[in-house]
Structures are given as C-alpha cells and as structure tokens.
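Welcome to a short tour of one protein model. Have the sequence and the 3D view open side by side as you read.

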Amino acid sequence: MKYKSGLFCAFVLFWFAMANQASAARQMYEPMAESVRLAMRTSLEGNRVPYPIFDSAAQRIDWLSTMSGRLVRKVPNFGQRLALIKTIRYEAQRAGLDPQLVFAVIQVESGFQPRVSSSAGAMGLMQVMPFWTDLLGDGNSQALLDPRINIRYGCVILRHYLDMERGDLDRALQRYNGSLGKPDYSDLVLNTLRVRWAYHEPESIKREARRELQASGRPSSGNMPALASAGHP
C-alpha cells in the first residue's frame with residue numbers, strides 16, 4: 001500500500017512539474033523592424049490612472065462584481081483586487097484585446113502572483129521576459145514586478161504577436177509562450193478562458209447598454225480599437 005501511495009505522489013508531483021513547465025512564458029527575441037519597435041514602445045507610454053470603459057453603469061457594476069467574486073480567493077484584499085481588475089480591463093482595451101483573455105493568461109502564467117519568476121527568467125503576473133525592457137523600455141527589468149507595468153507589457157507583447165499572426169489567436173498565444181506550433185499552451189489558456197473567465201452578460205444589462213450607446217453615440221466597449229498597433233515585422 002505504501003508503495004502504491006509513493007507512486008501516486010510521484011505521479012502528482014511529475015504532473016504539476018510538467019504543467020508548470022508547459023505554462024511558463026518564454027517569449028523569444030526576434031529581430032523586428034524599427035517601425036514595429038517604435039509602435040510597441042509608444043504603446044507602453046502613458047501613466048494615466050486605469051479607467052476602463054463600459055457600455056453602461058449596470059454593465060460596470062455587474063462586470064466588476066463578477067470578476068471580483070472570481071478573484072477573491074487569489075487576491076483577498078478588496079482594494080488590491082479592484083485595482084487589479086480595473087487595470088486588466090483598461091490595459092486589455094488599450095491594446096485591443098479581450099479582457100477575459102488576459103485574465104486567463106495571467107491565471108495560467110502566474111496564478112495571479114505578482115512577484116513570481118520562472119526558471120526561464122520570465123517575471124510577474126504575465127511572465128514577461130526581461131529582454132523586453134531592454135528592447136522597449138529603460139532596461140529596468142525589476143519594474144516587471146509592478147502589476148500595472150507587467151500587465152501593460154504583457155498586453156502589448158500579446159497584441160504584437162496577434163498582429164504578426166494576422167489574428168490567429170492560437171498561434172499568437174504559442175508565440176507568447178515560446179512554443180509556436182505546439183498547441184498545449186494555447187489550448188490550456190483558451191480552456192481556462194472558457195471554463196473560468198468567460199463573461200456572460202445578462203440580457204437586461206445588454207438592453208440597457210444598447211439604449212445608453214444609442215443615446216450617446218459612443219462605440220461599444222467591445223469594439224474599442226488599440227491605441228497603437230504593433231504592426232507586422
């Protein structure tokens with residue numbers, strides 16, 4: 001019985017090790033045109049307080065409360081949790097990404113631990129490789145442990161890969177993970193998105209949002225363009 005128990009424990013430890021190895025981001029440096037680098041660098045600029053866009057007040061309340069409920073075990077402090085949720089939505093919208101996708105990437109990459117580093121050297125919530133700070137910033141890789149900076153880098157990098165792959169999300173995620181052509185990572189993120197982070201807005205809130213958008217003439221928050229597209233290499 002002890003022999004079987006030992007085998008089971010060894011199997012569990014091996015599975016967790018393989019899961020962590022599969023999910024750790026290892027973005028790889030690739031030569032890029034100066035115009036692309038400039039666009040990405042521009043995308044990182046700006047220090048506005050994160051103020052995400054919503055289609056209506058009801059949508060804002062429902063979305064924030066839903067995300068807060070899902071994240072409460074990972075981030076127990078209410079103020080920190082709310083700030084993180086707003087930052088994720090703001091930076092995702094800024095980069096032209098689905099905020100729910102960014103939640104899924106963060107869960108897979110770091111489990112919402114802002115100061116974690118991988119054996120490959122990736123850092124922070126979205127496990128950004130330090131070379132990006134040399135390529136696009138001031139070379140201060142320790143800044144990647146700041147949740148807001150890390151999320152901005154992660155979103156800009158994922159947007160860049162999505163542009164490179166002409167909208168192919170599977171391949172963009174694989175590039176983000178450094179595993180292009182291998183579906184394990186992209187499947188894991190997309191399954192996490194579907195099971196854990198997909199947001200299904202109530203019909204009553206959708207109707208209210210449509211009324212508010214029609215009255216104001218604003219575009220829907222789901223159709224917000226990226227502030228600066230990274231373009232193609």
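The report below goes from the overall fold to the core, the charged side chains and a few residues worth finding in the viewer.

## Overall fold

Please keep in mind that this is a predicted model. The secondary structure is simple to describe: the protein has 10 helices and zero strands. Following the sequence from start to end, you meet the pattern α-α-α-α-α-α-α-α-α-α.

The protein has 233 residues, and buried residues account for 45% of them.

## The nonpolar core

In soluble globular proteins, nonpolar side chains tend to be buried together. Here, the largest nonpolar core holds 52 residues. If you would like a starting point in the viewer, select Phe103, Val105, Met126, Trp132 and Tyr176, the core residues that touch the most other members.

Several helices feed this core. Those that give two or more residues to it are helix H2 (34-44), helix H3 (57-71), helix H4 (78-95), helix H5 (99-110), helix H6 (131-136), H7, H8 and helix H9 (184-197). The largest share, nine residues, comes from H7.

## Salt bridges around H7 and H8

Side chains of opposite charge can pair when their charged atoms come close. In this model, the count comes to four salt bridges. One of them pairs the side chains of Asp163 and Arg159, with an N to O distance of 3.0 Å. Both residues lie in helix H7, four residues apart, which is about one turn of the helix. Asp163 counts as buried because its relative accessibility is 11%, under the 20% cut-off. Arg159, at 16% relative accessibility, counts as buried too.

Just along the chain, Glu165 sits in the loop between H7 and H8. Which residues does Glu165 pair with in salt bridges? One partner is Arg171, with the closest N and O atoms 2.6 Å apart. The other is Arg175, where the closest N and O atoms are 2.5 Å apart. This second pair links distant parts of the chain, since Glu165 is in the loop between H7 and H8 while Arg175 is in helix H8, 10 residues away. Through shared partners, the salt bridges join Glu165, Arg171 and Arg175 into one network. From C-alpha to C-alpha, Glu165 and Arg175 are 9.2 Å apart in space.

Are the members of this network buried or exposed? Glu165 and Arg175 are both buried, and the relative accessible area of Glu165 is 12%. Arg171, by contrast, is partly exposed because its relative accessibility of 33% falls between the 20% and 50% cut-offs.

## A negative surface patch

Charge also gathers at the surface. Asp168, Asp170, Asp184 and Asp187 form a negative surface patch. One of these residues, Asp168, lies in the loop between helix H7 (147-164) and helix H8 (169-177). Asp168 has a relative accessible area of 31%, so this residue is partly exposed.

## Two residues with positive phi

Most residues other than glycine have a negative phi, and most peptide bonds are trans. Two residues are worth a look with that in mind. Phe112 has a phi near 65°, a positive value in a residue other than glycine. You will find Phe112 in the loop between H5 and H6, where this residue counts as buried at 5% relative accessibility.

The other is Arg166, with a positive phi near 50°, again in a residue other than glycine. Arg166 lies in the loop between H7 and H8. Is Arg166 buried or exposed? At 68% relative accessibility, Arg166 counts as exposed, because that value is over the 50% cut-off.

## A buried serine in H9

One last stop is Ser186, which lies in helix H9. Ser186 has a relative accessibility of 0%, so this residue counts as buried. Try checking its distance to Ala172 in the viewer: the two residues are 14 residues apart along the chain, and their C-alpha atoms are separated by 8.4 Å.

Conventions. Residues are numbered from 1 along each chain as its sequence is written. This is a predicted model: local features need pLDDT of at least 70, side-chain atom pairs count only at pLDDT 80 or more; totals for chains, interfaces and linings use all residues. Side-chain values use heavy atoms; hydrogens and water are left out. Patches are made of residues with over 30% relative accessible area and no salt bridge: like charges are joined within 9 Å, nonpolar side chains (Val, Leu, Ile, Met, Phe, Trp, Tyr) within 5 Å. Accessible areas come from the Shrake-Rupley method with a 1.4 Å probe; for residues, only the protein chains shown count as cover. Lys and Arg count as positive and Asp and Glu as negative; His and the chain ends are not counted. The place of a charge is taken as NZ of Lys, CZ of Arg, CG of Asp or CD of Glu. Buried means under 20% relative accessible area, exposed over 50%, partly exposed in between (1.4 Å probe, protein chains only). A nonpolar core is a set of buried Ala, Val, Leu, Ile, Met, Phe, Trp, Tyr and Cys residues joined through side-chain atoms within 4.5 Å.
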